[in-house]
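Please open the structure in a viewer and keep the selection tool at hand. The tour moves from one selection to the next and says what is found at each stop.

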Amino acid sequence: MNDSQNAGRRRKSLLSWFGIRDLFYLAVIVIAWLASGYAGKMKRGLKEVFAPQPVEQAPDEEDIRRQIESRLRIEMEQELAREMEALNKAAAEKEAKAAAAATIPEPVREPALGMVTDVRKLRSGIPFKSEVKIDKGGIASKERVDDSSYTASYQLSLRLPVPAKTMAELESSNPDLAKILPGLPALIEKAEVSGWFQKLYDNKAGRVRRDAHSLNELLTKHNVYDCETILQIRAPSGKPVFFMQAEMDVVSDGSDGDRLPVMPDSIINSTHYQPFTSYGWSKRTPTANPMISGWEKRVEAGEKELADRATTADRKTWLRERIAYLKRGIADLKSRSFLIAEYDPFIVIPVNLLTSSDPFAPKVGDYAVVVHGGKVYPSIVGDGGPTFKVGEASLRMARELNPKASPYSRPVSDLKVTYLVFTGSREAEKGPPDYEKWRQRCHELLGDIGGLGEGYQLHAWQDLLPKPEPPAVLTPPPASVEPVPDAASPAPAAAGTGTPE
């Protein structure tokens, strides 16, 4: 009894200390923050970054977490820019309509009644059918309180695919697969569908459910159906092989001061370019990473804005987090080097596979081959990507498959690219790319599953990195030669003597 009385007194004391009005204001602020899109997005981003992993942490998990953090920040900044652009456009259109309305009298006309149907494709590629039905109602004061007077509903339909399991199904996308890899058909007969295929499409469906309230932010139809199959294969030696049939998107990340000390200003000063890849190693030379200067400028600008009295408290909180993130990145750029997507051929695997303990799941640095268009390309797993899409590779790899590929144009849109990762094949120590070594190791690993078919060979990558100009060699001037006196000429007079008078 005394405990309940004491609890009641404490509640009354708390109410009197805060005040009913203060509690009301606090509740309004919390509800507004939770209802905002950014609160949800930041919450989801933080959950993805900091959520505890169900498996044991891999040695390179810190690289992957850093990359995820950078991707999340870039995505939020890009989304903010898009929303600001849309707001500015809407304001301009509203102003233009208002100006036109002021000069052109609006004709009086009766509202059209009946059904209007419209079918169009959204920006995400989803066919969207809308129906608007207009009926005549009662007086406005009655209709405005009737919930049924103005309603809307829509149903989004999505069919989840089944994985390709047979060689015939695989060759419907890549017809020469059995010719290129003659040992593959026998392995496919014993292969099992990887649980990661179902996990991938579960992630896609979950994302669609989450974003269904905003149609144009949904996963595009292209990105929903980006994977034909994921299989786990055992080589005759018993070694695991990760097999995936998908499309190819482009990644354009990475930097390395040792190999590329100069980069364009547009990249150095970009707020979207990510200088890291999951595959990284300790720097080998004292040459600074060119991306450091751009990041230091952003720190300087952030600290200047932070010191400005006009900066709001919320903005200052964001700036402090941003500056701390940039400083961690600068320290990383000073001590480590990374792959460069424009010059190094590598593939990208979803980060949840890279951090998994599944014996078939690829790891950063594992050797891999890409098969497309009758050609076979050696590479490694060099980066981690989103958990809801697959089929990504570096810009260097993409341009080899399609010279028109760019950061904004994928090289292969159809599910015609085969990826094989030799799980567990990575080197014990990471280091700068050695393309010929990659080629030899991939050749050996392909031998474990039957090798290449007659007439096929592994692509040989050339080093396209710009080489420093050799130092100029100065040519020494010719040595001076003392003139030889003419034998017919008289010998010169000795010093201190003159001609006798």
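The stops below cover strands, a cavity, salt bridges and two buried residues.

**A note before starting**

The model shown here is predicted. Residue numbers count from 1 along each chain as its sequence is written.

**Stop one: strand 4 and its partners**

Select residues 227-234, which make up strand 4. Of its 8 residues, 6 are buried, so strand 4 is largely enclosed by the rest of the structure.

Next, add residues 192-193, which form strand 3. Strand 3 and strand 4 run antiparallel and are joined by 2 bridges. Within this pairing, Glu-192 stands opposite Gln-232 of strand 4.

Now add residues 240-251, the span of strand 5. How many bridges pair strand 4 with strand 5? There are 7 bridges, and the sense is again antiparallel. Gln-232, already seen opposite Glu-192, also stands opposite Phe-242 in strand 5.

Follow the chain from strand 4 into strand 5: the two form a hairpin, with 5 residues between them. In the turn, select Gly-238, which has a positive phi of about 95°.

**Stop two: the largest cavity**

Rolling a probe the size of a water molecule over the atoms shows where empty space is left. In this model, the count comes to 2 cavities of 30 Å³ or more. The largest cavity holds about 70 Å³ of space.

Which residues line the largest cavity? Select Trp-196, Lys-199, Leu-200, Asn-203, Ile-230, Phe-242, Met-244, Pro-350, Asn-352, Leu-353, Thr-387 and Val-390. Two or more residues of this lining come from each of helix 9 (195-211), strand 5 and helix 14 (351-354). Helix 9 gives the largest share, with 4 residues. Colouring the selection by class shows 8 nonpolar, 3 polar and 1 charged residues. Phe-242, met earlier opposite Gln-232, is one of the lining residues.

**Stop three: salt bridges between helix 12 and helix 13**

Side chains of opposite charge can pair when their charged atoms come close. The structure holds 18 salt bridges, and three are visited here and at the next stop.

Select Lys-327 and Glu-303, whose side chains meet in a salt bridge at 3.4 Å, N to O. Lys-327 belongs to helix 13 (residues 313-335) and Glu-303 to helix 12 (residues 291-307), so this pair ties together parts that are 24 residues apart in sequence. Lys-327 is partly exposed at 44% relative accessibility, and Glu-303 is likewise partly exposed, with a relative accessible area of 37%.

Then select Arg-315 and Glu-305. These residues form a salt bridge in which the closest N and O atoms are 2.7 Å apart. Arg-315 lies in helix 13 and Glu-305 in helix 12, so the pair links parts that are 10 residues apart in sequence. Arg-315 has a relative accessible area of 33% and is partly exposed; Glu-305, at 28%, is partly exposed too.

**Stop four: a network of salt bridges**

Select Glu-427 and Arg-441, which form a salt bridge through their side chains (3.9 Å, N to O). Glu-427 sits in the loop between strand 12 (412-421) and helix 16 (435-447), and Arg-441 in helix 16, so the pair ties together parts that are 14 residues apart in sequence. Both partners are partly exposed: Glu-427 has a relative accessible area of 31%, and Arg-441 has one of 23%.

Extend the selection to Lys-437 and Glu-444. Together, Glu-427, Lys-437, Arg-441 and Glu-444 are linked in a network of salt bridges.

**Stop five: two buried residues**

Return to helix 9 and select Asp-211, which lies in this helix. Is Asp-211 buried or exposed? Asp-211 is buried, with a relative accessible area of 7%. Leaving aside its neighbours within four places in sequence, Asp-211 is in contact with Glu-217 and Leu-218.

Finally, select Gly-302 in helix 12. Gly-302 is buried, with a relative accessible area of 8%. Its contacts, apart from neighbours within four places in sequence, are Leu-319 and Ile-323. Add Arg-320 to the view: Gly-302 and Arg-320 are 18 residues apart in sequence, and their C-alpha atoms are 8.1 Å apart in space.

Notes
This is a predicted model: local features need pLDDT of at least 70, side-chain atom pairs count only at pLDDT 80 or more; totals for chains, interfaces and linings use all residues. Side-chain values use heavy atoms; hydrogens and water are left out. Buried means under 20% relative accessible area, exposed over 50%, partly exposed in between (1.4 Å probe, protein chains only). Two strands pair if DSSP finds at least two bridges between them. On a 1 Å grid over the protein atoms alone, a cavity is a set of points where a 1.4 Å probe fits but cannot get out, and a pocket is an open set with protein on both sides within 12 Å along at least five of seven lines; lining residues have an atom within 4 Å of a point. Grid points are joined across faces, edges and corners, and a volume is the space filled by probe spheres set on the points. Ala, Val, Leu, Ile, Met, Phe, Trp, Tyr, Cys and Pro count as nonpolar, Asp, Glu, Lys and Arg as charged, and the others, Gly among them, as polar. A salt bridge is a side-chain nitrogen of Lys or Arg within 4 Å of a carboxyl oxygen of Asp or Glu. Contact means heavy atoms within 4.5 Å.
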